[in-house]
Amino acid sequence: MSATYKEHNKSTFIHELIKKMTPVEKIGQLNQLGTSIYGEKENLFEDFIREGSVGSFLTVRGAEKTNYMQRIAVNESRLGIPLLFAEDVIHGYETLFPIPLAESCTWNPELTKDSAVISAKEAAAAGIHWTYSPMMDISRDPRWGRVAEGYGEDPLLTARFIKEKIKGYQGNRKNGEYISEDSVLACGKHFVGYGAVESGKDYNSVDLSISKLGNVHLPPFRAAINSGVASIMSAFHALNGIPCTVNPFLLKDILRQNLKFSGLLVSDWNAIAECIVHGYSPDRKAAALQAFNAGIDIDMASKVFCDELDNLLVEEKISEKALDNAVYRVLSLKYDLQLFEKPYRTFREKEQKVLFTSENKSKSLEIAKESIVLLKNEYETLPLMDQETILLTGPLADDKNLMVGTWACNGKAENVITPYEGLKKSNKINTVYCKGCNIKGEIIEKDQGLIEKEIRNVNKIVVVLGESASESGEAKSKSNIGLVEGQKDYFDYLRKFGKPIIVVLMNGRPLEISHVAEHASSIIEAWHLGTMSGIAIASILTGVYNPNGKLTMTFPRSVGQIPVYYSHMSTGRPKSKMHFNTAKYLDEKNSGLFPFGYGLSYTSFEYKNMEIEKDVLTSEADCLKVSCMIKNTGNFEGKEIVQLYINDHFASQVRPVKELIDFKKIELMPNEQRAVSFCISAKDLGFYDNQGKYILESGEYTVFLGTNSHETVAKEFELKLDGER
Ligand code: GLC
């Protein structure tokens with residue numbers, strides 16, 4: 001339980017402090033500087049700190065450096081207002097966890113809270129107060145490199161993870177409680193619709209209907225705000241022609257009024273200045289005015305506020321009251337962190353004790369194992385049998401630098417365990433290793449000789465292919481999401497030996513792997529799993545751990561299908577065998593290669609006796625119990641993610657053919673069976689219309705229950721609201 005304070009004490013303290021501040025000092029609190037970027041010489045802006053012209057920094061790490069800068073602020077500036085230190089702690093600070101897209105495949109939001117708790121503890125020990133995480137952009141376009149940072153294509157699943165992530169970062173604090181010394185402020189980003197950038201090209205324009213915003217892109221932000229997220233970050237892109245950072249409809253009407261967000265709003269890096277480049281703001285002064293009036297509190301790294309707001313104040317283009325309100329929100333975060341009483345929350349010895357502990361690593365391993373998705377396993381090629389001999393090969397089989405994942409923060413490549421190291425540690429498999437080709441797929445000649453010499457003693461081939469960490473994340477969009485040609489060629493070279501091939505993929509996005517899927521015996525989707533990658537992968541390969549992850553983003557058959565996702569609309573001419581003129585391609589199937597919610601196990605599960613307790617719901621408060629018996633019909637203990645979807649047959653706005661509305665993860669021993677039940681609340685059956693209004697209508701529904709978004713059992717029911725239809 002964190003220490004508490006009285007709201008009126010906080011308010012009085014901050015208002016008294018604001019009264020003492022000069023305009024320059026007030027504007028300073030709205031100015032955030034990055035100390036080192038893209039290899040430029042590091043600048044700690046000591047003079048800015050002494051003048052009170054900066055209120056927060058990002059990219060400063062470590063107890064020593066943050067304390068050094070904090071001492072200048074507290075002891076050498078006129079009012080001694082402490083600094084905030086922010087950092088992108090996306091999937092761990094020093095101990096790296098799986099990238100969020102991987103972590104989402106656990107379908108276990110509790111684990112994301114666990115990783116956030118540890119990430120916060122390590123970051124806080126390193127002097128960080130505020131993480132620019134969680135990213136909650138919904139995306140159905142794997143060409144966009146930032147899908148690595150999110151939780152996939154589905155709003156409900158993302159919202160469940162976001163809720164827990166924020167609790168983990170902020171220590172589940174309530175209003176009136178200080179943020180504990182092991183917790184950090186969270187930041188929901190990027191507001192809003194960034195995952196829908198046109199053609200998957202980062203920073204590109206976005207055009208979305210109000211209902212698409214309400215039903216797809218806003219649900220994670222609603223969850224974040226309901227979970228008390230301390231801050232929100234505005235997105236780079238222009239939404240419906242207006243850059244998010246200067247868009248009062250988004251930032252005031254939707255975020256502040258509709259979603260009731262009362263926390264701090266920070267721009268993305270240099271985003272205010274870039275409104276000029278967008279062709280929206282004629283100059284920096286206009287950009288400052290538009291961003292401030294739209295509701296941005298902190299200007300990240302553009303210095304536009306620092307350079308322009310004082311003139312705008314003098315010209316009465318912005319009011320002192322609005323300025324004080326923005327300053328209040330900044331000082332409120334510093335108060336919640338208790339920085340005015342305890343500006344030094346950490347020190348070198350604490351940092352050394354807290355970072356990269358064996359407990360942190362074992363949690364990272366637990367999550368990494370649960371993030372792995374088994375996509376194919378023909379003839380039970382996996383798990384490997386004890387003392388089998390494999391050829392382990394491929395550019396990602398033993399290359400630490402390639403594996404850390406995007407936004408690796410303070411994670412060190414040398415600390416990452418590779419698949420080769422993991423297999424050696426497992427001591428269960430005889431491994432012949434050679435890299436075979438590099439990440440571009442360029443063959444290593446000498447390795448070909450080794451393979452041809454050793455292949456006769458090999459039972460199976462394990463090849464680790466995919467993307468390096470630097471191929472996903474920000475500004476890493478791709479027009480082609482297939483394996484690079486050379487890697488495909490290397491895969492075909494290995495096929496010549498006629499041995500079963502197990503492909504392990506390490507990547508930051510769904511890839512187009514139709515060729516591999518056709519010819520590999522088994523495929524493991526291992527993403528970028530962080531520090532303990534190799535141990536987790538070895539645990540799955542050797543059967544020590546039965547894979548149970550499921551995809552949260554559809555794998556396309558070809559890039560031409562994008563966006564391809566499960567919760568699509570029917571259209572008036574859904575593809576059918578009966579008619580020719582239907583919604584289809586002449587040269588490709590409609591379905592993805594591997595659908596949302598898909599993932600195999602070393603065991604098998606049977607779904608039977610689906611039941612609904614009634615077939616009519618009569619009010620908004622009513623709920624419908626749905627249950628099904630699930631049996632483990634295989635020989636391995638295993639976890640199964642049971643998914644619940646609905647389809648609204650007809651409504652005043654067309655609705656998706658399926659929408660995830662709940663899920664549960666259960667564990668069953670071989671032959672064990674269990675009834676799994678859900679409760680569908682009538683109030684959750686509504687949708688947002690193009691006026692942004694939540695609509696709940698009487699109607700007919702199908703409820704689906706299944707092991708993925710394609711393989712389901714179904715029942716029908718009705719919603720009859722009082723007096724309707
Ligand atoms: C970046 C990203 C944002 C990040 C910020 C600070 O450009 O868009 O997600 O938090 O700048 O690094």
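**Exercise 1.** How far from an oxygen atom of the ligand does a polar side-chain atom of Arg146 lie?

*Solution.* The model is predicted, with local features requiring pLDDT of at least 70 and side-chain atom pairs pLDDT 80 or more, while totals for chains, interfaces and linings use all residues. Residues are numbered from 1 along each chain as its sequence is written, and side-chain values use heavy atoms, without hydrogens and water. For Arg146 the distance is 2.8 Å. The corresponding value for a polar side-chain atom of His190 is 2.6 Å, and for Glu474 it is 2.9 Å. Of the 310 Å² of accessible area (Shrake-Rupley method, 1.4 Å probe) that the ligand has on its own, the protein covers 93%.

**Exercise 2.** Describe the shell around the ligand.

*Solution.* The ligand is surrounded by 13 residues, each with a heavy atom within 4 Å of it. Among the closest are Asp88 and Lys189. By class, the shell holds seven nonpolar residues, one polar and five charged; Asp, Glu, Lys and Arg count as charged.

**Exercise 3.** Determine the strand order of the open five-stranded sheet and identify its edges.

*Solution.* First, the order is β4-β3-β2-β1-β10, with parallel pairing; strands are DSSP runs (E, at least two residues), and two strands pair if DSSP finds at least two bridges between them. Next, β4 (130-131) and β10 (299-300) each have a single partner strand, so one side of each lacks a neighbour in the sheet. Finally, β1 (residues 31-34) pairs with β10 over two bridges, and Gln32 has Met300 of β10 as its bridge partner.

Conventions
A polar contact is a pair of N or O atoms within 3.5 Å; within protein, one must be able to donate a hydrogen and the other to accept it, and residues adjacent in sequence count only if both atoms are side-chain atoms. Helices (H or I, at least four residues) and strands (E, at least two) are DSSP runs, numbered from the N terminus.
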